[in-house]
Amino acid sequence: MNTLDTLAFDNRYARLPETFYSRVRPRGFARPQLVAFNPEVAALLDLDPAEATRAEFAACFGGQRLPAGSDPIAMKYTGHQFGVYNPELGDGRGLLLGQVRNTRGEYWDLHLKGAGPTPYSRFGDGRAVLRSCIREYLGGEAMHGLGIPTTRALCIIGSDEPVQRETVETGAMLLRVADSHIRFGHFEWLFHSGEHAALRDFADQVIAWHFPQLAGRPGAHRDFFAEVTARTARLMAQWQLAGFAHGVMNSDNFSITGATFDYGPFGFLDAYAPGFICNHSDHQGRYAWHRQPSIGLWNLNALAHALSGLIARDDLVAILQDYEPELIRHYDAGLRAKLGLKREQPGDRELSIAYLELLMKEGADYTRSFRRLAGVGRAEEKPALRDDFVDREAFDAWCRLYQARLQAEAASDTERAAQMNAVNPKYVLRNYMAQVAIDRAQQGDFSEIETLRQLLAKPFDEQPAQERYAALPPDWGRHLEISCSS
Ligand code: AMP
Ligand code: MG
């Protein structure tokens, strides 16, 4: 177990040429305060959780002093924002403190979000607000609990520093922990600035760090792009299956390792509405929920373009063509599992889609409608789920087909219910839940953040004491407007 002073830093990114970043010191908060601490992430870093109770902890991750061995840098990258290339990007309000290597040999990036201005801040103040740090902290835990690759966070440090957004809020810092902070946009930066030799070296380095099984092999660049494509396809399938909407799928917010990255105005579906736009500032709906799979491909196209000096055009095209079938394979298998169908049969896809259409017409709750499906017995006349639907006849018609299909399954109703409950979460991070935690935190009560962290760590379990979080969202919580500003 390490203390703050003995974390095992091995800052390999900072050993890249200095054109890749700028060395920047954090601008600390005058009165940093511990808001949230995540013992699971501390364990990833071999950090003794008792460290969080020391005043130095808040001072450290509130930017006042640095953890021993860190070497803070702002990374340079670019990317496509809402379809337009922006050459001016980079870490504008976050610093990569370095990599910690744990006793299992894993490397974890420590990134302090909200640490003050950098050369890439442009018009921004370099800060993050408490509201957005809480959302990112809980978003990462919710996704991790669902088994979806994601960045996470060790802690949130609050302050009394005023930060102007739509209203005056207070600044906070989030210590983000990720397998990588390398974005599609890193490659776009090198390509579009004509740094072709550096791009080749960087690609080799990224392969050595994150895809070591490919390092030094013939065709490594091609296989690397194929792997990034496959991981992105699977991630998009997982987002769709979970009803997760990212909100700002710019290519600088896409991780090269296929992890969910850079939580902004994200949201989970309440009612099943495929056109759901979680980002109030996304007027065209470019990142609407049902467009996410195609935007994943769009971003991979941008990456393919950036890699066109390393990989033959025909290979790039062939790999991109594999994206859709890979995504659909995972999505279909996931949907079948959500319906409790173990043995694939013709017609399964149509049956699943018909359920989704039913939910859409009803405006039924996505998470709850799948969770409660497990309670439908194959011979049950009027399952409890029926009462969730206004158009009972439409439900009955679909349910008859579903029950007929269940006859072909070997598992008993009880066994199938258990299997379904392991893939259909009971609890997701609904916007209103995050909002309650935020409102209380802004009043100085941080307990709801910890309650939700523990809840979302086990989203598939029955948690009888927490039943209220499985209910439909309150009316005020259905139409919260979440903007880009964070
Ligand atoms: P995001 O929308 O959070 O992914 O940020 C897009 C770009 O804007 C990144 O280069 C960020 O570092 C930068 N940025 C966002 N907010 C701020 C801010 N408050 N101050 C400085 N830079 C920012
Ligand atoms: Mg970003």
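User: Hey, which residues do the ring pairs link into a cluster?
Analyst: Tyr 13, Phe 20, Phe 187, Trp 189, Phe 202, Trp 209, Phe 211 and Phe 224 are joined by ring pairs into a cluster. Keep in mind that this is a predicted model.

User: Good to know. How many aromatic pairs turn up in the whole structure?
Analyst: A search of the whole structure gives 25 aromatic pairs. One of them is Phe 244 with Phe 268, an edge-to-face pair with 5.4 Å centre to centre and 65° between the planes.

User: Where do those two Phe residues sit in the chain?
Analyst: Phe 244 is in strand β11 (residues 244–245) and Phe 268 in strand β12 (residues 267–268). They are 24 residues apart, and the pair links distant parts of the chain.

User: Is Phe 244 buried or exposed? And Phe 268, buried or exposed?
Analyst: Phe 244 is buried, at 0% relative accessible area. Phe 268 is buried too, with a value of 2%.

User: What about the rings of Tyr 272 and Trp 289, how are they arranged?
Analyst: Their centres are 5.7 Å apart and their planes at 85°, so that pair counts as edge-to-face. Tyr 272 and Trp 289 each lie in the loop between β12 and α7 (292–306), so the pair ties together parts 17 residues apart in sequence. Both Tyr 272 and Trp 289 are buried.

User: Switching to the metal. Which protein donors does the magnesium ion have?
Analyst: For the magnesium ion (ligand 2), the protein donors are Asn 253, through OD1, and Asp 262, through OD. They lie 1.9 to 2.1 Å from the ion. Asn 253 and Asp 262 are both buried.

User: Nice. Now pockets: what volume does the largest pocket have?
Analyst: About 870 Å³. The largest pocket has 33 lining residues, and those nearest its centre are Gln 81, Arg 93, Arg 122, Cys 484 and Ser 486. By class, its lining has 9 nonpolar, 13 polar and 11 charged residues.

User: Arg 122 caught my eye. What is its phi near?
Analyst: Phi of Arg 122 is near 50°, a positive value in a residue other than glycine. Arg 122 belongs to the loop between β7 (107–113) and β8 (128–129), and is partly exposed, with a relative accessible area of 43%.

User: Asp 46 was on my list as well. What's its phi near?
Analyst: Near 55°, and Asp 46 likewise has a positive phi in a residue other than glycine. Asp 46 is found in the loop between α1 (39–44) and α2 (55–61). Asp 46 is buried, at 11% relative accessible area.

User: Back to pockets. How many residues line the second largest one?
Analyst: The second largest pocket is lined by 31 residues, with Leu 146, Gly 147, Ile 148, Pro 149 and Gln 238 nearest its centre. Its volume is about 580 Å³, and its lining divides into 17 nonpolar, 9 polar and 5 charged residues.

User: Which element gives the most to that lining?
Analyst: α6 does, with 7 residues. β10 (168–178), α6 (220–242) and α8 (313–339) each supply at least two lining residues there.

User: Last topic: how many disulfides are there in the whole structure?
Analyst: The search finds 0 disulfides. Cys 60, for instance, is in no disulfide, and its nearest cysteine sulfur, that of Cys 155, is 8.9 Å away.

User: Why is there no bond between Cys 155 and Cys 60?
Analyst: Because the sulfur of Cys 155 is 8.9 Å from its closest cysteine sulfur, in Cys 60, which is too far for a bond. Cys 60 is buried at 1% relative accessible area, and Cys 155 is buried at 0%.

Key:
Residues numbered from 1 in each chain as written. Chains lettered and ligands numbered in written order. Predicted model: local features only at pLDDT ≥ 70, side-chain atom pairs only at ≥ 80, totals over all residues. Heavy atoms only, no water. Donors = N, O, S within 2.8 Å, 3.2 Å for Na, K, Ca; no water. Buried < 20%, exposed > 50% of the residue type's maximum accessible area, 1.4 Å probe, protein only. 1 Å grid on protein atoms, 1.4 Å probe; cavity = no way out; pocket = protein on both sides within 12 Å on 5 of 7 lines; lining within 4 Å. Points joined across faces, edges and corners; volume = space filled by probe spheres on them. Nonpolar A, V, L, I, M, F, W, Y, C, P; charged D, E, K, R; others polar. Helix = DSSP H or I, 4+ residues; strand = E, 2+ residues; numbered from the N terminus. Disulfide = S-S within 2.5 Å. Phe/Tyr/Trp six-rings, centres within 6.5 Å; stacked < 30°, edge-to-face > 60°.
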